[in-house]
Amino acid sequence: MPEDPEKLKALLSVPFTEDRLLLEALTHRSYAVEHNLDYDNQRLEFLGDAVLEIVLTEHLFRRYPKSAEGDLTRMRSGLVRESALAALARRIELGRFLRIGRGEQECGGAERESTLADLFEAVLGAFYLGAGFDAVRAFILPLVEAEFPDPRRLLVEINPKGALQELSQSRWGEQPQYVVTHVSGPEHQPTYEVEVHLHGFVAIGRAAGRRAAETRAAQLLLNHLTREDETP
């Protein structure tokens, strides 16, 4: 059984007066079908998605005044991807309040990242209509900053090879070199081992595909270089 939405209002400390909107935001389509309701949270999800994008665009614009448009766009994309929104939903335990159909619940639907991400956006949409833009922004930003204290790191997670190339060009004026050193496994499902070489550093990535192995190698080398940068 989902918990009382009143507990959610108290937990989030967001001024909110339209209880019907909050109930709608917490209603999964499967629950609406099972209980013959004429509403679910899909429309509020659509609205919340737009509100979230505006809030994050302004936040990144002000926080990183020297970042180019492309980097700002990639950071925003990282913050609104499904896994990121699901992480935000879990941080405030939104799943406890989700009204979801019995069949969907039994299939683990309440824990799906897509379900939690949609739920988070729907709740934002409801808060926007019930409390206004400033209140929603005041709710979103501390949450995002707690979960993702440095959104620039998302650039590495989203595109490790691109991030490594940018770092190598700016620091040494060099290009990373990727070399396939070993291929194993059956022909229809090979595992690749790839080395990336950069300014005397080497990292090895293994994955079921050459590009995936290159990406893994780039990620490992970036992690190493980042740790070196952070060492006093």
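**Salt bridges in a predicted model**

Colleague: Is aspartate 134 buried or exposed?

Modeller: This is a predicted model, so please read every value as computed. Aspartate 134 has a relative accessible area of 53%. Exposed means over 50%, so aspartate 134 counts as exposed.

Colleague: Thanks! Which residue meets the side chain of aspartate 134 in a salt bridge?

Modeller: The partner lies in helix H9, residues 133-147, three residues from aspartate 134, so about one helical turn separates the two. The partner is partly exposed, at 23% relative accessibility. Their side chains meet at 2.9 Å, N to O, and the partner is arginine 137.

Colleague: Nice. Glutamate 214 and arginine 210 also form a salt bridge; is glutamate 214 buried or exposed?

Modeller: The two sit four residues apart in helix H12, residues 210-230, and are thus separated by about one helical turn. Their side chains meet at 3.2 Å, N to O. Arginine 210 is partly exposed at 45% relative accessibility. Glutamate 214 has a relative accessible area of 8%, so glutamate 214 is buried.

Colleague: And what N to O distance goes with the salt bridge of arginine 112 and glutamate 104?

Modeller: Happy to add that one. Arginine 112 is partly exposed at 35% relative accessibility, and glutamate 104 is partly exposed too, with a relative accessible area of 21%. Their side chains meet, N to O, at 2.3 Å.

Colleague: Last one: how many salt bridges does the structure hold?

Modeller: The pairs above are among them: arginine 137 with aspartate 134, glutamate 214 with arginine 210, and arginine 112 with glutamate 104. The number of salt bridges in the structure is 16.

Note on methods. Residues numbered from 1 in each chain as written. Predicted model: local features only at pLDDT ≥ 70, side-chain atom pairs only at ≥ 80, totals over all residues. Heavy atoms only, no water. Salt bridge = Lys/Arg side-chain N within 4 Å of Asp/Glu carboxyl O. Buried < 20%, exposed > 50% of the residue type's maximum accessible area, 1.4 Å probe, protein only.
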